[in-house]
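Q: Take a close look at one part for me, the main nonpolar core. Tell me what builds it and where it lies.

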Amino acid sequence: MTTGEAVSVCTPSGYRIIATLIVLLSASSAPASSPADTLAQAESAFAEGVALRHDSARARPTFTRAANAYDTLWNEGFRSPELAINRARAHRLAGNLPKCIAALHDGLAFARFSRPLQVELEDARAAVLYPLDGELATQARPKPLRGISTRMSPTDAWLLAGSLWLLACAGVARFAMTRNPLWLAGAAMCLVVGLILGGLWLQDAQQRIHDESLPLLVVSDDVILRRGNAAAYPPRIDAILPKGAEVRELTRRGGWVQVQIPGGAIGWLPESAVISCGG
Amino acid sequence: MTLGRFYPLPLLALCLVCTLSAPHDPLLAQPAVFDEPSEHYYKAKGIGIVVKWEVPRTTVQEGRDLTVTLVITRVMNPTEVVKPDLRKLPAFNDAFIVTDEADPPPKPTDKEVRFKYKLRPRNRSVDQVPALEFYYFNPAAPPGKKAFPQARADAVSITVTEPPPKPAIPMTEEDRLFHVATGPEVLHTPFVPCRWAWVAAALLGPLAAVVWFFAWRRIYPDAARLAHLRRSRAARRATDAIQKASRTPDPPATIAAAVLGYLRTRFPLPESAVTPSEIAVALVDALVPEEVAEQIADVFRACDRARFAPPSDSGLSIASDAEAVISRLEAIA
C-alpha cells in the first residue's frame, strides 16, 4: 500500500468503508441456522404452546412461532408428510386455518397418497364455516381426493409392479423348465394385474392433469366473491366466501384474482384475501 | 387656576349624563365583539370564572376509562357554554382515548357547569390529566381591556396501573392436534422411485428369470434333458404315460405300449413290427443306430419278461430305461 492509499484509508470516509466491510464480513460469516436447529426451535415452540394450552392467548403466539419455523424448513426444500402435518397443526393451533389448509395441500402435492394428510385435510375442511344452505353451500365445498394415487404411494406402486413383473418372468422361466402351462397362465395373470395397475395410474395422472391444471388458492379471510375486479361490482354469490375455502386461480388483474370455486362459479377476489399453495 | 375653578362643573355633568344613559346592570352590557380568542374559548361569560378538573379516582388500570369532570363555576350563561372537545386538543388526544359522556342540561339559573368525560390512557406512561386553558368573556371588563381573561384547569396527576390479568381461556382444539412428529426423521424425504429405478425393475425380472433358468439347467441336467424331451408332444405323452405306469394294473404293458406308440409316431415303423427283434430291425431301417435300436428291443424284452416271466425286474427300472431310450431317440430325431 502506498502512502497515499494509507492516507486515504485513514480518512473518515476510509474508516466508514472499513467499518462497512467489517459489518458485511461479519454478517456473511455469521453461521446460518442449520435445519436441525430450526427443527429444534419449532419443536421447542410447539412444546411450549402445548404446555400453555390452558391459556389460548399465550399459547397461540408460540404456535405461530412453531409454524414459522416449520415454514422455514419447508421453504428450504425439506419435504415429508410428517413435516407437512406438523406445519398444518402448528398453523391451526395458531388460529390460522387457511394456512393450515394451504400447508396440507403443499404436503399432498408432494405425498398425495399419505392417508394422515388426507384425514387432516378433511378435518381442517370440516372446520371451515361454509354456509349450511344457499348457493354457496353447494358450490364452495371442495371435493375429496380420489384416484389410485391417493391410496398407493409411488414406492408401493414401484414395488408392486416390480414384483408382478418379476413373478411373470419367473413364471415364464418355470414354464421353460417344466413345460407346464399352468406356469404360463400364472405369468399371464401377473402381467394382466400389472397392466391394470398401470392403467389405473395412467387414468389417475390424466385426471390430475385435468383437475390441477389451475393453481390452487386458499381464501385467507372472509370475503365476497364479486362479478368484477373491483369492490364496486356486485357479489357473484350473496353469501360471503369463508376463510379456508379453496378456489382455483384463472387470472390476475389489478390486484384482483379471478377464481373458480369448486362448484364452477367464477368471480373475483382481492389478491390480499388469498394465499397460494401446492396442489 | 380659573380654568380649574370653572371646567369641572361641565365635566361632572357630562359624566353624570353618561352614567345615567348607560345600563345600570353591568351584567346586561353587550359583549365587545373584538379580541375574541380563536382557541380555548367556549362561550362562557362571567366574572372571575374558575375552572378545575374533578377526578374522583386518580388511579386507573391500563385499558380502563378514567372519569373526569370539568367544573366551571361563576358562569353567567350556563346554557350557552360549549363543551370543550378534548379530542381536538393534542395534549389530551395524544394521551387518552376520549369519550364524551352525556351531561344533564344546565339550567339558566345555574352558576356552575359540569362537563363529564371518559379518558382511557393510551399507555402506562400517561401520568396526568393535562391542564386546560379556558378563556371566557368578562362583561364587567372595560372595553378593550381584559375582556377575555383566561382561566385554567390545572393538571391532575394520575397513575396508570397494569391491566388486570385476563381470564385464561383454554384451547378447545382436539387433543390429537397437540401431537406432532419429532426428531430428525421429520426432515427425511421418503424414497420416490426415479426413472432409473423403474428401468432397473424392468430389467430385473428377465435377468432373474434367465439366471434362474441357466442355474437350473446346470444343477439339474437330467431334468433339463427331460424338459427338452417334453418339447416333442409324442415324447411328452410317452414319458407321461411311463411315469404314470406304476399306477396301472399292468405297468410293463403300459410302458411297452407307450414306447411303441412313441416309435410309431416318430418313425416309419411298419404295423407288422411287433416283436422286439422286428422293432429293432425296423428302427435300423429308419437309420436309428443299431446300438440304440438294440436298447429299445431290450426294453421291450424286459417288458415281456416282466409280464410273462416270474418277477425278476422292477417296473421302476424298466420305466427309467424306457425314458432313457426315448431321450436318446429324441436326440437322434
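A: The core comes first, then the chain contact.

This is a predicted model, in which local features need pLDDT of at least 70, side-chain atom pairs count only at pLDDT 80 or more, and totals for chains, interfaces and linings use all residues. Residues are numbered from 1 along each chain as its sequence is written, while chains are lettered from A and ligands numbered from 1 in the order in which they are written.

The largest nonpolar core holds 55 residues. Such a core is a set of buried Ala, Val, Leu, Ile, Met, Phe, Trp, Tyr and Cys residues joined through C-beta atoms within 7 Å. Buried means that 20 or more other C-beta atoms lie within 10 Å of a residue's own, with C-beta atoms placed from the backbone. Among the residues with the most contacts inside this core are Phe63(A), Tyr70(A), Ile101(A) and Leu269(A). Helix H6 (residues 97–110) of chain A gives the most to it, eight residues; helices here are DSSP runs (H or I, at least four residues), numbered from the N terminus. Domain 1 (35–127) and domain 3 (216–277) of chain A both contribute residues, so the core lies between them. Those domain bounds come from an automatic or database domain assignment.

Now Tyr70(A). Beyond its neighbours within four places in sequence, Tyr70(A) is in contact with Ala42(A), Leu83(A), Asn86(A), Arg87(A) and Ala90(A). Contact means C-beta atoms, placed from the backbone, within 7 Å.

A second, separate core has 27 residues, including Ile255(B) and Val325(B).

The chains also touch. Chain A puts 39 residues into that contact and chain B 36 residues. H9(A) gives the most to chain A's side, with 15 residues.

Terms used
A residue is buried if 20 or more other C-beta atoms lie within 10 Å of its own, exposed if 12 or fewer, and partly exposed in between; C-beta atoms are placed from the backbone. Helices (H or I, at least four residues) and strands (E, at least two) are DSSP runs, numbered from the N terminus. Two residues are in contact if their C-beta atoms, placed from the backbone, lie within 7 Å.
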